[in-house]
Amino acid sequence: MDFNATAPVRPEAIEAVTAALRGFGNPSSVHRFGRLARRALEDAREEVARLVNAAPSTIVFTSGGTESNALALRGTNRARVIASSIEHDSVLRNVDAEIVSVTRDGVVDLAALENMLAQDRRPALVAVMLANNETGIIQPVAEAAEIAHRYGALLLCDAVQAAGKIEVDAPALGADLLSLSAHKLGGPKGVGALYVAPHVELKPILSGGGQERKLRAGTENVPGIAGFAAAARAAREGLVQFAAVARLRDALESRVARLAPDARVFGAHLPRLANTSCLAMPGVSSETQVIAFDLAGIAVSAGAACSSGKVEPSRVLRAMGVDDGTANSAIRVSLGWTSGAQDIDRFIEAWGGLYAARSRAASAPAA
Amino acid sequence: MTTNIAIATPGNRKMPVYLDYQATTPTDPRVVEAMMPYFTEMYGNPHSRSHLYGWQAEEAVEKARGQVASIIGADPKEIIFTSGATESNNLAIKGVAHFYKERKNHIVTCVTEHKCVLESCRHLQQEGFDVTYLPVQKNGIIRLEDLENAITDKTVLVSIMAVNNEIGVIQPIKEIGALCRSRSVFFHSDCAQAVGKIPLDVNAMNIDLMSISGHKLYGPKGIGALFVRRKPRVRLQALMSGGGQERGMRSGTLATPLCVGLGAACEIAQKEMAAESERLHYLRDRFYKKIMEQLPEVYLNGDLEQRIPGNLNLSFAYVEGESLMMGIKNLSVSSGSACTSASLEPSYVLRALGVTEDLAHTSLRIGLGRFTSEEDVDYAVSEIVSHVKRLREMSPLWEMAQEGIDIKSVKWAAH
């Protein structure tokens, strides 16, 4: 139940990767092996472009979401970067970004954004993610883009968590740059893409052989890219079924609410990814919960996986104004296309057990 | 969408004979086998430290790190996984230059380095760094005196590749390392073409940073590594920041199957290097001898002795390069590096050796490797010999040369 950290690789993607690993060739070679690899690469580019309703020529393959964000932020080299406070670390840590806050609902504050842009007219890049990795809350990207463009700024949309879970239309969103990761949608790790709108001027962060229209040097990871494409296709075709995962998620949340009136779900009344639930069990630390769930054979996480080595209160929840105590007791449950009702039953059993133990401990006389 | 690539394994006779092992190598089936479980069952995020899926992945990644370290005599903690040698080279060169820029601003490299090294250096020049590009001798190898003279008290980094990707020549890495250490300059070596082909030891050779590629040593594409020495410590500025993985030097979720693949490829190469090297020596010598016996006016580019066994780079005089490539379409060879092979520009590496333009235009890079058979070699030789002979028969220049006319002395009338 940790699909937002990484998803199982879809069978279609495994098949594509395996086939491509058996064939080989450097797509830059002119001989037959090279041309076959080139064809696989360009077919994949079309498929990934389709996922975000873009032209194939706008897709640059990278080694993953982090590189895509780094390329967008460093490659546009804008005087100012304004990022929402709930962006992923790969957005916040690549440049010195000015932070635009989110409302208590966890949605980027558009009025504040407009204010910041109006006060300083240097060329800017605005970064707003499409869906938050911890809460699943969907951000008003199209509105943010419209504001950004009014002030001559570019908009970077980190769609790593959203792609494959909801429909993503890069041109309709008005995104100038949009980041994608394969492994979050059931493709292999080590592959991602950056959508670069035709008018955007970008400089590479990796110099070299001039691959990817001189925007990203390095021999293309053809098997990984083929796997990305196969997963993108499966995800795109499965969007309707994916939306139905909300029923499982909602069942989970209402059962938690019945068990524990003091439990808190973040963003329940807002447009959210169908699979994500961020919920707090007051009085029990996130770390304790994660370990207890692991013992029960359930994988959940406290915050984002990258930083989950060190358990700290969720930066995203704190940005939403949630107090430290509550933020410290939140976990993220993220379901996927392989999740079923029995997973929810197991989760509720474990959650209920832990909650009951907490209540017993709380009511026990002090020794 | 068609993701199925025709099964292009070497030895499949419906496909051309693959002789381009410096462009990329087929992934060893044993490597694929090692990778597969990490696609199917153990797909965890290696950075998810709180559950079993994550632990399995982390354990696999750490094992792979040890395998990579072992083949170059490094400590596993000194290995950073990257997306490939291009990223490793960029990270080493730009990363070190940026980190130490307050104190030092000079880099020494060599004119025959891989594009990504040269382009990284050009990028730094645009930022105001000084770069010295060492020339090479006719055999493709640098002069140590040139290097010694180029190093100043402003030099932060020397970047010299171990094995050239076009001509396969081996630079005197140990001597370069000793020199750099004695002058307190960091030594980076692009070893994409060297790892698994020649013995390497980062301590004996005083290498401070080393770039490694997966797909050049029968591992997967999309993965590489950078060795970053801890004692004396080398520091660098990251090219991509984020989750702080790889000790902050390289953020991004690690691709467990790719790490496992690179590790397995290193382990296999380490075990089999000696035997493989001997076998390839035999095949390469057989190839070279047969060509030289049957064709006059063929020139080897780059030193024959200081060279990896799996490479030949030959120029065929009096033959038009494009026609030769068209003729031998049953052989997958290249006329330069893969990156630039789509362009018709003659190789900058050959030009740096002083190879004349016409000979540079008729060069073939022949890369032999793990799956090349004696039969492949003999077939390739017969193809090349027959096409070169055919093309020469049609060439007026060849005819003149046969009549003893020195082509260079001919003054061509302008039309």
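## A walk through chains A and B

Start by selecting chain A: of its 367 residues, 59% count as buried. Keep in mind as you go that this is a predicted model.

**Chain A as a whole.** Colour chain A by secondary structure and you should find 14 helices and 10 strands. Along the principal axes, the C-alpha trace of chain A spans about 75 × 55 × 35 Å. Does the radius of gyration agree or disagree with that of a compact globule? A compact globule of 367 residues would have a value near 21 Å, and chain A has 21 Å, so the two agree. Contacts within the chain reach far along the sequence: among those with a separation of 6 or more, 70% join residues 24 or more positions apart.

**The sheet of chain A.** Next, show the strands of chain A and look for an open sheet of seven, in the order β1-β7-β6-β5-β4-β2-β3, with mixed pairing. Select 59-62 (β1) and 98-100 (β3) in chain A to see the edges; each of these strands has a single partner, so one side of each is left without a neighbour in the sheet. From one strand to the next, the twist averages 20 degrees.

Stay at the β3 edge and add residues 80-84 of chain A, which make up β2. β2(A) and β3(A) pair in the parallel sense over three bridges. Click on A83(A) and you will find I99(A) of β3(A) standing opposite.

**Helices on that sheet.** Now bring in residues 65-76 of chain A, helix α3. This helix packs on the sheet, touching β1, β2, β4, β5, β6 and β7 of chain A, and its direction makes about 160 degrees with that of β6(A). Then select 141-150 of chain A for helix α6, which lies across β4 and β5 of chain A and runs at about 160 degrees to β5(A).

**A helix with a buried face.** Move along chain A to residues 286-295, helix α11, and show side chains for its buried residues: S286(A), Q289(A), V290(A) and F293(A). Where do they sit around the axis of α11(A)? Looking down that axis, they fall within an arc of 100 degrees, so they line one face of the helix. A general point helps here: an α-helix has 3.6 residues a turn, so residues three or four places apart point the same way. To see what the buried residues of α11(A) pack against, add β10 (330-334) and α14 (341-363) of chain A. After the helix comes G297(A), with a positive phi near 80 degrees.

**Across to chain B.** Show both chains together: 65 residues of chain B are in contact with 73 residues of chain A. On the chain B side, the elements giving two or more residues are α2 (37-40), α3 (52-71), α4 (85-99), α5 (115-126) and α8 (256-294). Which of chain B's elements gives the most? That is α5(B), with five residues. By type, this side of chain B divides into 26 nonpolar, 33 polar and six charged residues.

**The sheet of chain B.** Finally, hide chain A and look at the seven-stranded open sheet of chain B, ordered β2-β8-β7-β6-β5-β3-β4 with mixed pairing. Its edges are β2 (79-82) and β4 (130-134), each with a single partner strand, so one side of each is left without a neighbour in the sheet. Select 155-159 (β5) and 186-190 (β6) of chain B: these strands run parallel, joined by three bridges. S159(B) has H188(B) in β6(B) as its bridge partner. End on α5(B), which lies across β3, β4, β5 and β6 of chain B at about 155 degrees to β3(B).

Methods
Residues numbered from 1 in each chain as written. Chains lettered and ligands numbered in written order. Pairing = 2+ DSSP bridges. Helix = DSSP H or I, 4+ residues; strand = E, 2+ residues; numbered from the N terminus. Axes fitted to C-alpha atoms, helices over the stretch in contact; angles between N-to-C directions. Contact = placed C-beta atoms within 7 Å. Nonpolar A, V, L, I, M, F, W, Y, C, P; charged D, E, K, R; others polar. Rg over C-alpha atoms; globule rule 2.2 N^0.38 Å. Buried ≥ 20, exposed ≤ 12 C-beta atoms within 10 Å, placed from the backbone. Arc of directions from axis to C-beta.
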